[in-house]
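I keep these notes as a record of what I looked up, one topic at a time.

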Amino acid sequence: MNARHARAWGSACTLLLLAACGGGGGGGGASFPLVGTPPASSGSGGSTGSSNAPPPVNQGKSGPKALVVEIDGLTHSALRDAMAQNKVPALQSLRVAPAWTGGANGTPSEQRTTDGPGWATLMTGTWAQRHGVRWDTADQRIDFKLAPSVFALARQNNKAAGYRTASVTSSPRYPLLLANEAGTVDSAIDCAGADACVTDRASQLIDAGYDLLVAQYGAPAAAAGNGLKSDAYQRSIADTAAGIGQLLARVAQRSANDPKEDWLVILTTGHGLDAFGSATGVQDNGNKTVFIASNKTLAALPGLGAAAPADATLLALAAAADIAPTVLRHLGALPAATDYRFAGQALQASTSLRSLAAKTGADKRSIELSWTLAGNTSAAVQVLRDGKVVATLPAGSTAYTDPIVAASDGLYAFQYTVVAGEASVALAAQISYVAPEAPVTLAPTLANGLVNYYPLDALPGVDTKNASTLAPWASDANGGSLVDDGYSAPYKAKALRVDSTVKNASGMAGYRLVQNNDVTTNAAVAAFTIGFWVRTDSTCSQGVSNGGTVIGNKNYTTGGNAGLAIGLFGSCEIRFNVGTGSARADSNGYSLSAGQWAYVAVVIDKAALTMRGYVMDPVRGVQTNSTAITTALVDKLGGLGNGLGLNEDGTGLYYQRESSSPRGAMDFNDFAIWNRALTSAELNSIFKSGQPLSTLP
């Protein structure tokens with residue numbers, strides 16, 4: 001697009017509610033509702049803004065201002081390498097730290113690590129459970145009632161005449177996210193894929209004295225498909241950095257013109273990429289790792305200059321959700337604790353409040369909150385539920401158990417805010433509540449047809465029915481240990497932790513249960529049930545890539561292989577599977593809560609040709625569904641005939657074959673097999689009572 005066309009588009013796009021501004025052949029990108037009119041373009045070519053000298057006197061007002069630059073496709077490692085090699089001189093003065101996005105795996109905060117959800121988090125400081133954006137499609141909109149944007153909050157708290165906000169975006173999908181939030185962006189420019197237009201128009205808006213500006217670049221994302229080491233990708237980084245350098249120069253000039261004008265500049269990206277330059281949306285470290293770069297020292301931004309962690313310690317760093325409250329604090333627009341809804345904290349705070357998490361108490365009538373503190377921890381800690389203080393804790397406290405009172409069983413949701421000194425963080429929590437007025441006990445019928453039962457409160461594990469054995473797949477790879485279980489007193493005991501990182505030279509790991517009379521193959525058994533309590537690690541780390549095997553008597557490299565398996569996959573999803581070797585049946589979409597005990601059961605009725613899965617979770621409640629199976633599938637239920645693997649499949653070598661699936665620990669408790677189909681009421685009694693089967697008469 002030549003200079004004449006650039007000027008024409010620059011003026012025209014300010015007059016249209018739906019406009020595309022820029023080049024690259026784009027068209028029809030929706031802009032935000034326009035409250036005012038941005039200045040017309042007067043530059044030319046790909047670096048149009050840089051050809052015009054900034055005005056000698058600042059337009060607009062003095063005071064705090066903010067520029068947020070989001071760069072699609074720029075990974076933290078690529079930026080760090082470019083800075084180390086001095087390939088991005090315009091960015092060398094910025095303070096860069098690794099950060100994370102995507103919410104916490106296996107919790108309600110989890111979201112896809114792709115453009116739409118990532119952008120929504122940057123603009124709202126919340127995860128998908130509040131902002132509501134779960135996909136990258138054009139129909140996605142931020143739920144502005146639950147998650148107002150930084151633009152809305154900045155304008156709400158800065159009512160002075162002349163306060164102006166703006167966005168200049170390369171992707172036409174970006175402005176669509178705020179299409180339902182009217183009147184919060186004074187100037188919204190869709191550059192339709194032209195990053196040069198972003199530089200040009202953002203420069204003009206800076207010169208015009210806008211107070212809050214978001215600029216979004218897309219060239220690195222477009223080039224990443226060539227590979228992260230490709231010349232095209234490296235050029236895109238250099239070119240984008242040069243464009244941002246022009247914005248930084250405009251900011252520096254304004255600060256020189258008026259020392260009272262205080263600018264916060266933040267650079268970031270919406271999500272990470274995998275090793276091939278793709279955004280797969282999954283919860284692995286490559287896709288979750290982003291960065292936060294700033295022109296200011298931010299006391300609560302850890303890891304400056306460091307490489308990103310390759311494990312779950314990434315979540316101890318700053319998060320993408322910290323950016324919105326950081327910007328709003330700088331602008332003097334951060335909401336009070338009673339109205340605080342951000343999943344992140346303002347990074348200027350002298351206190352670092354991280355890893356706020358919630359889990360259901362063992363009594364199923366309380367929510368246990370936990371967090372970490374660093375920096376200044378001298379202030380008392382407050383806990384608010386739905387905007388009201390429910391506890392004031394001593395300085396340095398990092399946990400609180402909130403007793404919940406409700407009239408009846410059911411799913412209940414609450415909004416918590418924890419305040420420690422200058423830091424505040426909010427979290428939406430949910431509980432599958434069991435009312436104390438109607439205590440549930442184990443159904444006495446659970447003793448009927450119980451053919452194998454392992455309390456798993458001692459090692460070696462012993463079948464109280466003396467009808468099976470449980471031992472490591474390999475004697476030289478015993479990854480079993482005892483940990484505290486999830487029961488309430490007086491039933492509190494131990495549980496079996498099976499750690500598949502403990503392996504022998506051939507890679508064999510996990511435990512194996514061998515029945516004397518296998519219910520899967522016994523022709524006299526018309527139906528059977530396998531049920532157990534299971535707990536993942538705190539991030540469901542095994543549920544990524546090709547997933548993990550919770551239990552299985554088959555080669556689980558493919559679900560089509562003969563036998564039965566229950567798998568753990570991305571987003572802490574449980575899947576039930578049976579196969580013949582050439583056909584399969586599956587029941588998918590059940591969710592666990594990471595790090596919490598859930599009861600999992602599979603009921604297979606050979607006669608009625610059904611497989612019903614159950615996942616009973618303390619946060620997500622009871623999930624169940626039935627899938628039809630065939631006589632051919634029934635004939636192959638015995639799998640390899642080697643027994644049932646725990647945290648392994650029927651070979652003991654699943655993780656050795658599927659090397660991209662992380663090894664790790666799964667906890668098991670009260671493992672039982674019945675030679676009949678248990679009813680939903682019987683299984684519910686196990687889940688709600690929290691009693692071990694050993695308490696049955």
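**Entry 1: an open sheet**

I began with a sheet of seven strands, which is open and runs in the order β16-β19-β28-β21-β22-β23-β24, with antiparallel pairing. I keep in mind that the model is a predicted one. At the edges I found β16 (468-472) and β24 (584-591), and each of them has a single partner strand, so one side of each is left without a neighbour in the sheet. I also looked up how the neighbouring strands are turned against each other, and the average is 25 degrees when direction is ignored.

Within this sheet I then followed one pairing, that of β21 with strand β28 (residues 644-646), which is antiparallel and rests on two bridges. Isoleucine 551 is the residue that stands opposite leucine 646 of β28. I add a reminder for reading any such strand: when a strand is regular, its side chains alternate between the two faces of the sheet.

**Entry 2: the disulfides**

How many disulfides does the structure hold? I found two, and when the bonded cysteines are counted along the chain, their pattern is 1-2, 3-4.

One disulfide joins cysteine 191 to cysteine 197, with 2.0 Å from S to S. The torsion about the S-S bond of cysteine 191 and cysteine 197 is -65 degrees, and I noted this link as left-handed. Cysteine 191 and cysteine 197 are both buried.

Another disulfide joins cysteine 540 to cysteine 572, and here the S to S distance is 1.8 Å. The torsion about the S-S bond of cysteine 540 and cysteine 572 is about 55 degrees, so I wrote this disulfide down as right-handed. Cysteine 540 lies in the loop between β20 (527-535) and β21 (548-552), whereas cysteine 572 lies in the loop between β22 (563-569) and β23 (573-579), so the pair ties together parts that are 32 residues apart in sequence. Are these two cysteines, cysteine 540 and cysteine 572, buried or exposed? Cysteine 540 has a relative accessibility of 1% and counts as buried, because buried means under 20%. Cysteine 572 is buried as well, with a relative accessible area of 0%.

**Entry 3: a hairpin and its arginine**

Next I turned to strand β10 (residues 381-385) and strand β11 (residues 388-393), which pair in the antiparallel sense over five bridges. Two residues lie between the strands of this hairpin, and aspartate 386 takes a positive phi near 50 degrees there. Arginine 385 stands opposite lysine 388, which belongs to β11.

Which side chain meets that of arginine 385 in a salt bridge? I found that it is aspartate 402, with 2.8 Å from N to O. Aspartate 402 sits in strand β12 (residues 399-403) and arginine 385 in strand β10, so this pair links distant parts of the chain, 17 residues apart. The two partners are listed with different accessibility classes: aspartate 402, at 1% relative accessibility, counts as buried, whereas arginine 385, with a relative accessible area of 24%, is partly exposed.

**Entry 4: other salt bridges**

I noted that the structure holds 18 salt bridges, and I looked up two further pairs. The side chains of arginine 173 and aspartate 115 meet at 3.1 Å, N to O. Arginine 173 is in helix α6 (residues 173-176) and aspartate 115 in helix α3 (residues 115-124), 58 residues apart. Arginine 173 counts as partly exposed at 34% relative accessibility, while aspartate 115 counts as buried at 15%.

Glutamate 422 forms a salt bridge with arginine 329, and the closest N and O atoms are 2.9 Å apart. This pair links distant parts of the chain, since glutamate 422 is in the loop between β13 (410-420) and β14 (423-433) and arginine 329 is in helix α11 (residues 323-330), 93 residues apart. Glutamate 422 is partly exposed at 39% relative accessibility, and arginine 329 is partly exposed at 31%.

**Entry 5: threonine 289**

Lastly I looked up threonine 289, which is found in strand β7 (residues 289-294). Threonine 289 is buried, with a relative accessible area of 11%. A polar atom of its side chain lies 2.6 Å from the backbone oxygen of asparagine 285. When neighbours within four places in sequence are left aside, threonine 289 is in contact with several residues, among them His76, Ala99 and His271.

Terms used:
Residues numbered from 1 in each chain as written. Predicted model: local features only at pLDDT ≥ 70, side-chain atom pairs only at ≥ 80, totals over all residues. Heavy atoms only, no water. Pairing = 2+ DSSP bridges. Helix = DSSP H or I, 4+ residues; strand = E, 2+ residues; numbered from the N terminus. Disulfide = S-S within 2.5 Å. Buried < 20%, exposed > 50% of the residue type's maximum accessible area, 1.4 Å probe, protein only. Polar contact = N/O pair within 3.5 Å; in protein donor to acceptor, adjacent residues only side chain to side chain. Contact = heavy atoms within 4.5 Å. Salt bridge = Lys/Arg side-chain N within 4 Å of Asp/Glu carboxyl O. Axes fitted to C-alpha atoms, helices over the stretch in contact; angles between N-to-C directions.
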